[in-house]
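Student: Please take me through one part of this model in close detail, and then show me how that part fits into its surroundings. I would like one connected account rather than a list.

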Amino acid sequence: MNRRAAAISSVLIMTFILSGLAVAQTAETTLTKPKSDWAVPPDPEGLERGPWREMVLYGKQLIVETPRVVGPEVSNPAMRYAGNNLTCQSCHLSGGTQRFGLPLIGVYGAFPTYMARENEVRTLEDRINGCFERSMNGRALPGDSREMKAILSYIQYLSTGIPVGKTIEGRGSAALPLLQRAASPQRGAAVYKKICMECHQSDGQGKRIGSKGDAEGYQFPPLWGPDSFNDGAGMHRLIASASFIRANMPVGTTYEAPMLSVEEAWDVAAYINAQQRPARAHLELDYPNLGRKAVDAPFPPFTDAFSLQQHRLGPFQPIIDGQRRGGRER
Ligand code: HEC
Ligand code: HEC
């Protein structure tokens, strides 16, 4: 009996050590092997007919065809919640089902959670509205609206079977090694020309499916300019943006087979973030606890002595080292 317990506990200890190693590797290397717990949920079209299926499908439509339903060009002004013609899927790739493409799988059970940007515990509704106000440069959906219920339903559907509180492998976008130097918008311009311009166009304004005013949105979304995300969006932070780009762009790229080098990803993200985009009012009120401010939040105030320029472009390691004691927020 004792021997058996000892054997079990040594297996447990080994497992613990091995999983500890796996975590350390994820944090430190660019490429990790895919793990088996990544599973794309089945198509909600297959759900049994009824109000639940309708809501889930409406939620999916809101994510995939956002400008057609709640974009700035829809005929009913009351429905114009998004301020630009991006879709949620422009960033939450493949309807929120892409590993390291900011997936929405498993996110239902990850909220409420503490968020440093507001320095409070936020609900999933709050988080969705954060993207409406920033990534979509628009206004918040009412909590009891059919649209909010539909988005929640779709995210709940995508999260079926994933335990509350579990962070699935592939959430967010993959960690990218930091550069020792500041990212360079000048070098990024060359990367942009070579690789991104073909789809996102030379002026970064993307390519419409149809024409302005038709609420159809884009074949290739704009990366800056008046119809893009605003300067308070997560994608406007260099670490978030460079990690997303490395793992997912050009579209079709995967984390396992990136097209860009680590340096190219940082530099092209810096180039994109140096361009004009809509301004969000009162960014100085974000991160009320400045000790927990994201190191790449590209707007003042800061409690540390690093320049605005360094918060924009890095190098970030010295800022992170200086912030060791405050828990950082993704
Ligand atoms: C311009 C890119 C962009 C667009 C467009 C966008 N988001 Fe996001 N979204 C992000 C980023 C970046 C994050 C932060 C991811 C992280 O914390 O790792 C995020 C986070 C989220 C999260 C939390 C995910 C998590 O893993 O905790 C939800 C939910 C969400 N967005 C919903 C939406 C919805 C709904 C829309 C459309 C109305 C939308 N987003 C549009 C970039 C975008
Ligand atoms: C083959 C066409 C193509 C190429 C090349 C391409 N992208 Fe994209 N990109 C897309 C599409 C399409 C989306 C939106 C995904 C969707 O709607 O499914 C997107 C989305 C994005 C987004 C998030 C949405 C937004 O509007 O900000 C960023 C950032 C981005 N691309 C950056 C880049 C960068 C940087 C490069 C070059 C390294 C690049 N892309 C190359 C097609 C492309």
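Tutor: What follows starts with one helix, moves outward to the core and the ligands, and ends with some local backbone features.

Happy to! This is a predicted model, in which local features need pLDDT of at least 70 and side-chain atom pairs count only at pLDDT 80 or more, while totals for chains, interfaces and linings use all residues. Residues are numbered from 1 along each chain as its sequence is written, and chains are lettered from A and ligands numbered from 1 in the order in which they are written.

The protein has 11 helices and 4 strands; these are DSSP runs numbered from the N terminus, with helices being H or I of at least four residues and strands E of at least two. Let us settle on α9, which spans 262–273. The 12 residues of α9 reach 17 Å from first C-alpha to last, close to the 16 Å expected at 1.5 Å a residue; the expected span is 1.5 Å times one less than the number of residues.

How many of the residues of α9 are buried? The count is 10 of 12, so this helix is mostly covered. Here, buried means that 20 or more other C-beta atoms lie within 10 Å of a residue's own, exposed means 12 or fewer, and partly exposed is in between, with C-beta atoms placed from the backbone. The buried residues of α9 include Ala 265, Val 268, Ala 269 and Ile 272, and also Glu 264 and Asp 267. Their cover includes α7, α8 and α10. For comparison with the whole, 37% of the 330 residues of the protein count as buried.

Glu 263 also sits in α9, but it is partly exposed because it has 17 other C-beta atoms within 10 Å. Its C-alpha is separated by 7.9 Å from that of Ala 183, 80 residues apart along the chain.

From α9 we can step into the largest nonpolar core, which has 65 residues. Such a core is a set of buried Ala, Val, Leu, Ile, Met, Phe, Trp, Tyr and Cys residues joined through C-beta atoms within 7 Å. Ala 265, Val 268 and Ala 269 are among the residues that touch the most other members, and so are Ile 151, Tyr 154, Ala 242 and Ile 245. The elements giving two or more residues to this core are α2, α5, α6, α7, α8 and α9. The core draws at least three residues from each of domain 1 (44–158) and domain 2 (173–278 + 295–323), with bounds from an automatic or database domain assignment. Ile 245 shows the packing in detail: leaving out residues up to four places away in sequence, it touches Leu 260, Ala 265, Val 268 and Ala 269. Contact here means C-beta atoms, placed from the backbone, within 7 Å.

α9 also faces a ligand. Together with α7 (185–200), it is one of the elements that give two or more residues to the shell around ligand 2, and α7 provides the largest share, 5 residues. A residue is near a molecule if its C-beta atom, placed from the backbone, lies within 6 Å of it. Of the 23 residues around ligand 2, Cys 196, Cys 199, Pro 221, Pro 250 and Val 251 come nearest. The shell comprises 18 nonpolar, 4 polar and 1 charged; Ala, Val, Leu, Ile, Met, Phe, Trp, Tyr, Cys and Pro count as nonpolar, Asp, Glu, Lys and Arg as charged, and the others, Gly among them, as polar.

Ligand 1 makes a useful companion. Its shell has 25 residues, with Cys 88, Cys 91, Cys 131, Gly 172 and Gly 234 the closest, and divides into 16 nonpolar, 6 polar and 3 charged. Domain 1 and domain 2 both give residues to this shell, so ligand 1 lies between them.

Finally, look at the loop between α9 and α10 (308–313), which holds Leu 283. Leu 283 has 18 C-beta neighbours inside 10 Å and so counts as partly exposed. Beyond four places in sequence, it is in contact with Asp 231, Gly 232 and Phe 299. The same loop between α9 and α10 contains Pro 301, which is joined to Pro 300 by a cis peptide bond with omega about 0°. Another cis bond runs from Phe 111 to Pro 112, with omega near -5°. Most peptide bonds are trans.

Notes. Contact = placed C-beta atoms within 7 Å.
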